[in-house]
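Reader: I've got a model open and want to talk through it with you. Shall we go residue by residue, then on to the helices?

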Amino acid sequence: MLDVLNASAEGFVLLFHWRTFLFMMLGITFGMIFGLIPGLSGLTGMSLLLPIAITQPPEIAIAFLLGMYAVTTQTDAIPAVLIGVPGTSAAQATYLDGYPMAKRGEAGRALSASYFASVWGTLVSVFVIILFLPVLRAVIDNFASPEFFMTSLFGLMLAASLVGTSVTRGLIVAFLGLLLSTIGYAEFASQDRFTMDIPYLEAGIPIVPIALGIFALPEVIDMLLSRRSISEKAEGSNPNSGALEGFKDTIRNRWLTFRAGVIGCVAGMIPGLGGTVAEWLSYGHAVQSARDNAMFGRGDVRGVIAPEAGTAAQKPGAIVPTVALGIPGNASMAVMMGALLIVGLRPGPPMLFENLHITFQMTWTVVVANLIVAFLCLWLQRYLILICFVRAEIIAPTIFCFMIVGASMASNSIGDIILFGAFGVVGYIFKHADWPRVPLIIGFVLGGLLENNLWITTRRYDVAFMWERPIVMIMEVMIAAIIASIVISRLRKQKTTVKPAESFED
């Protein structure tokens, strides 16, 4: 344990060498831009900046790339909250409560809460890595297709807590998301499914046009029809009041932030899950664990804190399997692993022994970058929130142009625009018919993981995996607990509505 602490301190000091710190700040600048522009992401930034990074020494290349990568999911909360357009797919859950808060004139509070939750989330993740690194490595080593399948199923079950007033409607929409995830070429079946001989559908449909269409486009349409600004209520005379309140919210919900950070860290350590899954797992946990969850989806600050903490925490977590096992935690880490190989660092056990200080430099880069950007965004916040008060006739066309550009970047095809428009219509109908939209995205994100891992599991382990693998059994108990809590809460609500009617008849 002493060696781990020494390596952690050495990695922290290494980050503040003047040249390393300068390149990290340059990466942070690029990362803020990629996060603010809807449709761009950390993966895009990694790909674009890789040629510059590989010309530098290892510690500088790491600081440059991870400085950019760390802050994209922190700044993508800004368009999600202010204009209702998630900057990346990992900001969709933040949008659910952040945008309604902006409508109420609480944009500053929501943004401040998202910044501080991101910082606390990364700190929790680093704490978990330092404290439980030996145990976590053993757990990750035991993950195979059955564990991946059960984790995905657990995430889908959490969607049951997000369905609103009708469980049936939520399940139907989640099933629709699962069906959408099957479109394209199935490698295990060696055949195209539901492509209708359309080349665009052969690779599957991308998530960005779906998310922008089903969430953002209905808001822009409603804004234009009502001819109002995003917020109809002033933020307050003191522009820093919202920032202070957001900080207080994070402190008040410190244990939720801690739990979401742990969830995000573990999700990051499991290859293939990524930030989107970490965010929805954290958001689902926030809804499921709250005693009063009626305001979720309508502007509950906990709906901003939990997903932002979870998404930020998954980034340090994703570093662990990338450097320790040579298995990228997500797509961006796959690019990062390529950069490590080019600059002379081979992922594997040596990164946890001889080069452990480099591993900790990577995790500390994420923490420090998040902290720096939090203060930068707070400094700019008084100007950013003015977007909420611009007239709809001016801002709506601008937002629409950003959405078109963001949607088209999915595959640079006209099919992206058509998909964006089609799901915009679906989202508008769902919104005004009181059908939940969140389960569709969750089903779509988890559908591929569920199907592929179920196919592998049933052929390698048959059904015996359900009672022969300890981690699977733990996940089964957790899923059963979620189902039981949903049933109990529904029964309680039915009793509270029946009792007044009975007393009236008496």
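Reader: Let's start with Ser-282: is it buried or exposed?
Author: This is a predicted model, so keep that in mind throughout. The cut-off for buried is under 20% relative accessible area. Ser-282 comes out at 0%, so it is buried.

Reader: Which residues does Ser-282 touch, leaving out those up to four places away in sequence?
Author: Ser-282 sits in helix 13, which covers residues 274-289. Its contacts beyond that sequence window are Ala-260, Ile-263, Gly-264, Ala-306, Pro-307 and Gly-310.

Reader: Ala-260 and Gly-264 make me think of helix 12. At roughly what angle does helix 12 cross helix 14?
Author: Helix 12 spans residues 254-269 and helix 14 spans residues 302-324. Their axes come within 6 Å, and the crossing is right-handed. As for the angle, it's roughly 35°.

Reader: And how many nonpolar residues are in that contact of helix 12 with helix 14?
Author: On the helix 12 side you'll find, among them, Ala-260, Gly-261, Gly-264 and Gly-268, and they meet a helix 14 set including Ala-306, Ala-309, Gly-310 and Ala-313. Gly counts as polar in this classification. The contact has seven polar residues and one charged, and the nonpolar count is 11.

Reader: Helix 14 also packs with helix 6. What is the handedness of that crossing?
Author: The axes of helix 6 and helix 14 are 8 Å apart, at an angle of about 145°. Helix 6 passes helix 14 in a crossing that is left-handed.

Reader: Which residues of helix 14 make the contact with helix 6?
Author: Helix 6 brings Ala-93, Thr-94, Asp-97, Gly-98 and Met-101. By class, the contact has four nonpolar, three polar and two charged residues. From helix 14 the partners are Gly-303, Val-304, Pro-307 and Glu-308.

Reader: While we're on helix 6, how far apart in space are Tyr-95 and Ile-83, C-alpha to C-alpha?
Author: Tyr-95 belongs to helix 6, residues 92-103, and is buried at 3% relative accessible area. In sequence, Tyr-95 and Ile-83 are 12 residues apart. C-alpha to C-alpha, the gap in space is 9.2 Å.

Reader: Now Ile-251: which accessibility class does it count as?
Author: Ile-251 lies in helix 11, residues 241-252. Ala-117 is 134 residues from Ile-251 in sequence, yet their C-alpha atoms are 9.2 Å apart. With a relative accessibility of 34%, Ile-251 counts as partly exposed.

Reader: Back near the start of the chain, why are helix 2 and helix 4 roughly parallel?
Author: Helix 2 (residues 18-36) and helix 4 (residues 58-75) have axes 7 Å apart, and they cross in a right-handed way. Angles under 35 degrees count as roughly parallel. The two helices pack at about 30°, so they are roughly parallel.

Reader: Zooming out, what share of the chain's residues is buried?
Author: The chain has 21 helices and two strands. Of contacts between residues at least 6 apart in sequence, 81% join residues at least 24 apart. Across the 506 residues, the buried share is 56%.

Reader: Which stretch with pLDDT below 50 has zero contacts beyond near neighbours in sequence?
Author: The chain averages a pLDDT of 76, and 78% of the residues score at least 70. Residues 234-239 fall below 50 but have 12 contacts beyond near neighbours. Where pLDDT is low, predicted coordinates shouldn't be read in detail. The stretch with zero such contacts is residues 500-506.

Notes:
Residues numbered from 1 in each chain as written. Predicted model: local features only at pLDDT ≥ 70, side-chain atom pairs only at ≥ 80, totals over all residues. Heavy atoms only, no water. Axes fitted to C-alpha atoms, helices over the stretch in contact; angles between N-to-C directions. Helix = DSSP H or I, 4+ residues; strand = E, 2+ residues; numbered from the N terminus. Parallel < 35°, antiparallel > 145°, perpendicular 65-115°, else oblique. Left-handed = near helix turned anticlockwise from the far one by under 90°. Contact = heavy atoms within 4.5 Å. pLDDT = per-residue confidence, 0-100. Buried < 20%, exposed > 50% of the residue type's maximum accessible area, 1.4 Å probe, protein only.
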